[in-house]
Protein chains: 2
Amino acid sequence: MQTIEQLLESKNIRVTAMRLLIYKFLAEKQVAVTLSDIENAFDKADRTTLYRTVKTFEESTIVHQIDDGTGITKYALCEKGCNCDIETDLHLHFHCNNCNETVCLTEHKIPQIKVPNGFISEDINLVVKGVCDKCSGL
Amino acid sequence: MQTIEQLLESKNIRVTAMRLLIYKFLAEKQVAVTLSDIENAFDKADRTTLYRTVKTFEESTIVHQIDDGTGITKYALCEKGCNCDIETDLHLHFHCNNCNETVCLTEHKIPQIKVPNGFISEDINLVVKGVCDKCSGL
DNA sequence: TTATAAATGCACTTCCGTTGCATTGTATTT
DNA sequence: AAATACAATGCAACGGAAGTGCATTTATAA
C-alpha cells in the first residue's frame with residue numbers, strides 16, 4: 001500500500017498540497033466528477049489549477065476522462081486494474097438520467113465490437129444511460 | 001417513395017424553404033455534421049434557425065444526435081430502419097481520428113450490454129474511434 | 001383579407017475549455 | 001543559507017458552442 005505521495009513521485013509528478021487535496025477528493029467520490037464539482041469543493045482554488053492538475057493526472061493515467069454525453073467532461077480515478085490506455089481493457093460507464101451522476105462500471109468490460117472492413121478500431125467509448133441503483137430503488 | 005414535403009407533413013412539421021434546404025443538406029452528407037457545418041453551408045441563414053430546425057427534426061426522429069466525444073454535437077439523418085428512439089435498435093458510430101469525420105454504422109447493431117442489479121438501461125451510446133476506411137486505405 | 005400562430009433573425013447570455021502571463025512556490029546548486 | 005532555475009499557481013481573458021428572449025416576418029386558417 002503506497003501513499004499518494006509515493007504514487008505521484010513514481011509518476012514524476014511533483015507533490016503539492018493542491019494535488020494531494022484534489023487526489024483525495026477524487027478518491028472519496030464514488031462517481032465521476034466535473035471540473036466544476038471540484039471547483040465547488042475547493043472554493044479557494046482557481047479553476048485553471050484544477051484544470052491543469054486533472055490534466056496532469058490524466059497524462060500519467062492517474063485519472064481518466066469520461067464523456068457521458070452530458071456535454072461536460074467528467075473525470076474519475078483509475079483503479080488498480082484500470083489500464084484505461086489499453087483498448088482491450090476498457091470498462092463502460094453508466095449515466096443516471098435521474099440524479100445525473102456517472103459511475104464507472106469497472107468490472108463490466110466492453111464486449112468485442114466488430115467494425116466493417118477498412119476501419120481500424122483504436123478506442124471505444126460506451127455509455128449506458130438510464131436509472132442507477134440508488135435511484136431505481138431495486 | 002415520398003417527397004421531403006410529404007415526410008415533414010406526416011410528422012406535423014410545417015414545410016418551409018429553410019427546412020427543405022437543411023434536410024437536403026443532411027441527406028447529401030454521408031457523415032454526421034455539426035451545427036457549424038450547416039452554418040457554413042448556408043451563410044445566409046442564422047445559427048439559431050439551424051439550431052431550432054435541427055432540434056425540431058430531432059424531436060420528430062428525422063435526425064438523431066451523435067455525441068462522438070469531440071465535444072461538439074453532431075447530427076445525422078435517421079435512415080429508413082433507424083428507429084433511434086428504440087433502445088434495442090441502436091447502431092454504433094465511428095469517429096475517425098484522422099479526418100475527424102463521424103459516420104453511422106447503421107448495419108452494426110450494439111450488442112446486448114449487461115448492467116449490474118438495480119441499474120436500468122434506457123439508452124446506449126457507443127462510439128468507436130480509430131481510422132476510417134477512407135483514411136486507412138485498406 | 002384578416003386573424004392567429006409558428007418560423008425566422010438578431011442580440012445577448014451562459015457555460016466550459018483553454019491559453020498567456022505574471023507571481024508564487026519548490027527543488028537544486030553553489 | 002543564498003541564489004538560481006524551473007515548475008505550480010492564480011488572474012485575466014478569449015473562443016466556441018449551446019441556449020434564450022424578443023421583435024419581425026412568414027405561413028396557415030377562419
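A polar side-chain atom of A:Arg52 sits 2.6 Å from a base oxygen of DNA strand D, a polar contact being a pair of N or O atoms within 3.5 Å; within protein, one atom must be able to donate a hydrogen and the other to accept it, and residues adjacent in sequence count only if both atoms are side-chain atoms. Helix H2 (17-28) and H4 of chain A, with helix H3 (35-41) and H4 of chain B, each give two or more residues to the surface near DNA strand D. Helices here are DSSP runs of H or I with at least four residues, strands are runs of E with at least two, and both are numbered from the N terminus.

This is a predicted model, in which local features need pLDDT of at least 70 and side-chain atom pairs count only at pLDDT 80 or more, while totals for chains, interfaces and linings use all residues. Residues are numbered from 1 along each chain as its sequence is written, chains are lettered from A and ligands numbered from 1 in the order in which they are written, and side-chain values use heavy atoms, with hydrogens and water left out.

Staying with strand D, a phosphate oxygen lies 2.8 Å from an N or O atom in the side chain of A:Arg19. A:Thr48 has a polar side-chain atom 3.1 Å from a base nitrogen of DNA strand D. In total 19 residues surround this strand, and the closest are A:Thr16, A:Arg19, A:Thr49, A:Arg52 and B:Tyr51; near means that a heavy atom of the residue lies within 4 Å. H4(A) supplies the largest share of that surface, five residues. Of the strand D atoms within 4 Å of the protein, 66% belong to sugar or phosphate and the rest to bases.

Now strand C. Which residues are closest to DNA strand C? They are A:Tyr51, B:Thr16, B:Arg19, B:Thr49 and B:Arg52, out of 19 that surround it. B:Thr16 places a polar side-chain atom 2.7 Å from a phosphate oxygen of DNA strand C, and for B:Arg14 the distance to a sugar or linking oxygen is 3.5 Å. A:Thr48 appears here too, with a side-chain N or O atom 3.4 Å from a base oxygen of DNA strand C. Here 60% of the DNA strand C atoms within 4 Å of the protein belong to sugar or phosphate.

Next, the core. The largest nonpolar core has 28 residues, and A:Phe94 and B:Phe94 touch the most other members. Such a core is a set of buried Ala, Val, Leu, Ile, Met, Phe, Trp, Tyr and Cys residues joined through side-chain atoms within 4.5 Å. Strands E4 (91-96), E5 (102-109) and E6 (120-131) of chain A, and E4 (91-96), E5 (102-109) and E6 (120-131) of chain B, each give two or more residues to this core. Among the contacts of A:Phe94 (heavy atoms within 4.5 Å) are B:Val115, B:Phe119 and B:Ile120.

Two of those strands, E4(B) and E5(B), run antiparallel and are joined by five bridges; two strands pair if DSSP finds at least two bridges between them. They form a hairpin with five residues between them, and B:Asn100 in the turn has a positive phi of about 65°. B:His91 is opposite B:Lys109 in E5(B).

Last, B:Thr106 in strand E5 of chain B. Is B:Thr106 buried or exposed? B:Thr106 is buried because its relative accessible area is 16%, where buried means under 20%, exposed over 50% and partly exposed in between, with a 1.4 Å probe and protein chains only. Not counting residues up to four places away in sequence, B:Thr106 touches B:Glu79 and B:His91.
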